[in-house]
Structures are given as C-alpha cells and as structure tokens.
Amino acid sequence: MAESNITKAALAGALKELMISMPFKKITVNNICSKCNMSRATFYYHFLDKYELLTWIFSTETARVLKRLPKAKTWRRIEKLCEYLYENREFYVSALELDGQNSLREYFRGWLKKQMYHLLKDVIHDKINRELYTDYCSAGVIYTIEEWLKHYPRLAPADFVQRLKMIDPNVYIKRKAPTGL
C-alpha cells in the first residue's frame, strides 16, 4: 500500500472509531487528527474536509468488496454491498444520517443509480422513463437499506436483498413499460 493510502487509511480508521461514539456533525478535523496522531496539515494534504474523507472510506472500501464482481451481476453487487454495510452497520447507520451536498447518502445515491440504470437498461427502453424509474428505485432502495440497518439487524443481507428484489424492478419488469409522458 502506498504511503499516501496508509495515511488515508489511518485517518479513515480514526473517523470510523469516532463516529461510533459521537455524531459526525460534532466531529472536527482536530478530533480525527488527534485520534491518529497526525497534523491538520497532513489531513488537508489528503482531504478537503471530513465529508471527502467519509466518501473516500465508502468508495475505497466498497471498491475492495466489489472489485471481483462483473458489472453485469447487479443484484450480486448489491448483495455484496449489503453484506459489507451489515458488517459495518454501526458506522454506516451514523454516516447515512447525513444528508445534503457532499454527504455519503448523496454519493451512495449516485453509485446506486448507476447500478439500477444498468439493471433496467434492457427492460425499460424509453430513456426518460428509465431515468425516472432509476431515480425512484435508487431513493427507495437507499431508504430501505437505511431502515434495514437500523431496525432489522437479525435479517441477513442475502435475505434482505431477496426481499428487495421482489419490491420494485421485478414487479415493474412483469408489466410493459409505459412510453412517453
């Protein structure tokens, strides 16, 4: 691992530890730096702010989890992601409570939209309908994942994803997609 990534991983570990005991909004860059014995200058050399660090955690850790899965296996990718989120549930429940620009929820929504768009590309041929349905599914899936992480800890990731698959795309796929608006 390159030295830059070692430093980023140390900052990420510090943030993850802090988020288990305090809300993200109350965590400062000083808290993060103190936790891993680094200077603020080191932090700002690698990240613009704590939001960018949070996004880096999600993007690098999920990339590691998903790297061996082909993009064509959309539901398998979502299941692997849910397994990862489930294993890190305490951290992600806290991280996904943030909303707005630069939030993990926003980043996650963008990632999930790409997955859902890929899933629906052969089913919904009208571009506007596909985009609208992708937005709708992405928002619903993110909300449902958050609720699952918070309130259904005994529901295993594979069982959760099986239930997710039955909610929207499969229901929609069984009907003919509408054309035009």
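**Exercise 1. Is Tyr84 buried or exposed, and what is its relative accessible area?**

Before you start, note that this is a predicted model: local features need pLDDT of at least 70, side-chain atom pairs count only at pLDDT 80 or more, and totals for chains, interfaces and linings use all residues. Residues are numbered from 1 along each chain as its sequence is written, and side-chain values use heavy atoms, with hydrogens and water left out.

Solution.
- Step 1: Get the cut-offs straight: buried means under 20% relative accessible area, exposed means over 50%, and partly exposed is in between (1.4 Å probe, protein chains only).
- Step 2: Tyr84 has a relative accessible area of 7%, so Tyr84 is buried.

**Exercise 2. Work out what kind of aromatic pair Tyr84 and Tyr92 make.**

Solution.
- Step 1: Rings of Phe, Tyr and Trp (its six-membered ring) pair if their centres lie within 6.5 Å; planes under 30 degrees apart are stacked, over 60 edge-to-face, and the rest tilted.
- Step 2: The structure holds 13 aromatic pairs. In the pair of Tyr84 and Tyr92, the centres are 5.4 Å apart and the planes are at 65 degrees, so this one is edge-to-face.
- Step 3: Tyr92 is buried too, at a relative accessible area of 1%.
- Step 4: Zoom out, and ring pairs link Tyr84 and Tyr92 into a cluster with Phe58, Phe91, Tyr107, Phe108 and Trp111.

**Exercise 3. Classify the pair of Tyr133 and Tyr136, then find where the two residues sit.**

Solution.
- Step 1: Their rings are 5.8 Å centre to centre with 40 degrees between the planes, which makes the pair tilted.
- Step 2: Helices are DSSP runs (H or I, at least four residues), numbered from the N terminus. Tyr133 and Tyr136 are 3 residues apart in helix α8 (residues 127-151), so about one helical turn separates them.
- Step 3: Tyr133 is buried, with a relative accessible area of 11%, whereas Tyr136 is exposed, at 51%.

**Exercise 4. Find which charged side chains lie over the rings of Phe24 and Tyr86.**

Solution.
- Step 1: A charge sits over a ring if NZ of Lys or CZ of Arg is within 6 Å of the ring centre and within 35 degrees of the ring normal.
- Step 2: For Phe24, look for Lys50, which lies over the ring face at 4.5 Å from the centre.
- Step 3: For Tyr86, it's Arg89, with its charged end 4.5 Å from the ring centre.

**Exercise 5. Check the length of helix α4 and see what surrounds its buried residues.**

Solution.
- Step 1: The expected span is 1.5 Å times one less than the number of residues.
- Step 2: Helix α4 (residues 50-66) has 17 residues and should span 24 Å; its end C-alpha atoms are 24 Å apart, so the two agree.
- Step 3: The buried residues of α4 include Lys50, Trp56 and Phe58. Among the elements covering the buried residues of α4 are α1 (3-21), α5 (74-87) and α7 (104-120), where contact means heavy atoms within 4.5 Å.

**Exercise 6. Decide where the model is confident and where it isn't.**

Solution.
- Step 1: pLDDT is the predictor's confidence in each residue, from 0 to 100.
- Step 2: The protein chain averages 84, and 90% of the residues score at least 70.
- Step 3: Confidence is highest in helix α2 (residues 29-35), at a mean of 97, and lowest in helix α10 (residues 169-173), at 45.
- Step 4: Over residues 169-181 pLDDT stays under 50, and the model has 21 contacts for them beyond four places in sequence.
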